[in-house]
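Here is a short report on one protein model. Look at the sequence and the fold, then read on.

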Amino acid sequence: MRLVKKLLNHTETYVILIALLFGVAVEAVSHQFFSNTGMVNLARISMIYLIFGVAEMISLVCAGPDVSYPAIASLSAFLAASLFGGEDYQGSILTVFLFAMLIGAVCGAVNGAIIARFNFPSLIVTLGTSSIFSGLMYGPLRASNTVLHGKMAEFGAGSLFTVTNPGSGLTAQMPTQFLIVIVVYVIMHFVLRYTMFGRGLYAIGSDSVAAERAGLKVGRIRFFAYVLGGALAALGGTMYTCNVGAIAPSDLMGGELLVIAACILGGVRPGSGIGNLFQVIIGIVLLTMIQNNLLMLGIPLYCKDVFTG
């Protein structure tokens with residue numbers, strides 16, 4: 001009985017129940033949701049948002065919402081794809097991701113420097129820098145849709161395994177990039193749980209004044225939180241670019257509200273020092289399920305924003 005009461009006091013319990021009920025409803029109509037292909041497709045569709053969710057959670061925990069990560073992701077991925085997305089590049093795919101993450105870290109450093117130095121609200125700062133980054137991309141850099149070739153296209157087309165639904169004959173591939181998601185979550189779990197930086201994020205979010213009195217470098221930790229968030233955003237943006245096989249700068253713009261909503265729905269509390277990776281996962285998975293399975297229930301696509309809300 002105590003265990004039940006304890007579970008009912010956690011937001012995660014209700015999110016998981018809603019996800020299961022929604023999954024059962026889709027399964028009852030399509031008989032495909034809980035199949036092997038359904039689960040692989042859910043993981044494939046969620047993986048980019050799972051990376052963005054980590055970047056957003058870091059900002060939410062220690063300061064507030066970051067609405068600039070789609071612009072950072074788009075700008076970083078565009079620059080990386082412009083340099084390494086042709087047939088002539090035959091180097092390592094790791095170089096592509098490291099270059100993009102470096103660009104993302106620089107963009108994140110701009111956010112972090114302003115927020116740490118002037119203590120401005122993160123929403124206002126990142127809203128302004130989002131316009132700057134997207135303006136640079138579409139203005140001086142003249143970003144446009146371009147098909148990828150070479151290493152980036154090959155990496156995006158790679159798969160770990162393919163599953164076949166014995167009933168319908170449908171197949172689904174698990175992208176190689178899903179390994180990146182696993183690595184990121186393992187590393188971030190260690191960082192958030194076992195390092196002074198990770199503990200500092202939660203302490204600052206809980207009470208920044210008390211954290212400073214305890215000897216934590218509040219400004220420095222917030223600065224590097226946004227540097228890390230920018231690098232992760234760039235990683236997710238480059239993964240998306242490889243996955244679709246093209247430079248599509250506008251595709252990610254506007255996705256910040258979905259990820260912020262998913263994090264908060266999962267149990268992350270903005271500027272309160274409350275949030276963990278499990279909450280990010282269940283929030284992202286639930287909203288991804290809603291966004292991509294409404295048609296199965298006979299609900300028009302234009303209603304998806306209503307259901308997401």
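Buried means under 20% relative accessible area, exposed means over 50%, and partly exposed lies in between (1.4 Å probe, protein chains only). This is a predicted model: local features need pLDDT of at least 70, side-chain atom pairs count only at pLDDT 80 or more, and totals for chains, interfaces and linings use all residues. Residues are numbered from 1 along each chain as its sequence is written, and side-chain values use heavy atoms, with hydrogens and water left out.

**A residue with positive phi**

Start with N119. At 56% relative accessibility, N119 counts as exposed. N119 is found in the loop between α5 (93–118) and α6 (122–138). Helices here are DSSP runs (H or I, at least four residues), as are strands (E, at least two), and both are numbered from the N terminus. The phi of N119 is positive, about 55°, although N119 is not a glycine. Most residues other than glycine have a negative phi.

**Four residues and their accessibility**

| Residue | Place | Relative accessibility |
|---|---|---|
| N119 | loop between α5 and α6 | 56%, exposed |
| L192 | helix α8 | 9%, buried |
| T288 | helix α13 | 5%, buried |
| G158 | loop between α7 and β2 | 23%, partly exposed |

**Two helices that meet**

How do α8 and α13 lie to each other: parallel, perpendicular or oblique? The axes of α8 (residues 178–194) and α13 (residues 277–293) come within 10 Å and cross at roughly 140°. The two helices are therefore oblique to each other. Axes are lines fitted to C-alpha atoms, for helices over the stretch in contact, and angles run from 0 to 180 degrees between N-to-C directions. Angles under 35 degrees count as roughly parallel, over 145 as roughly antiparallel, 65 to 115 as roughly perpendicular, and the rest as oblique.

On the α8 side, Y185, M188, H189 and L192 make the contact; on the α13 side, L277, V280 and I281 do. Contact means heavy atoms within 4.5 Å. The residues of this contact divide into six nonpolar, one polar and no charged. Ala, Val, Leu, Ile, Met, Phe, Trp, Tyr, Cys and Pro count as nonpolar, Asp, Glu, Lys and Arg as charged, and the others, Gly among them, as polar.

Now take one residue from each helix. Not counting residues up to four places away in sequence, L192 touches M57, G198, R199, L201, Y202 and L277. The C-alpha atoms of L192 and I58 are separated by 9.2 Å, with their positions 134 residues apart along the chain. With the same rule on sequence neighbours, T288 touches L42, I45, S46 and Y49.

**One cavity**

How many cavities of 30 Å³ or more does a search of the whole structure find? It finds one. On a 1 Å grid over the protein atoms alone, a cavity is a set of points where a 1.4 Å probe fits but cannot get out, and lining residues have an atom within 4 Å of a point. Grid points are joined across faces, edges and corners, and a volume is the space filled by probe spheres set on the points.

The largest cavity has a volume of about 60 Å³. Its lining includes S74, F78, Y240 and L252. Both α4 (69–84) and α11 (218–244) supply at least two lining residues each. By class, the lining has seven nonpolar, three polar and no charged residues.

Y240 is found in helix α11. Leaving aside neighbours within four places in sequence, Y240 is in contact with I48, Q177, D251 and L252.

Notes:
1 Å grid on protein atoms, 1.4 Å probe; cavity = no way out; pocket = protein on both sides within 12 Å on 5 of 7 lines; lining within 4 Å.
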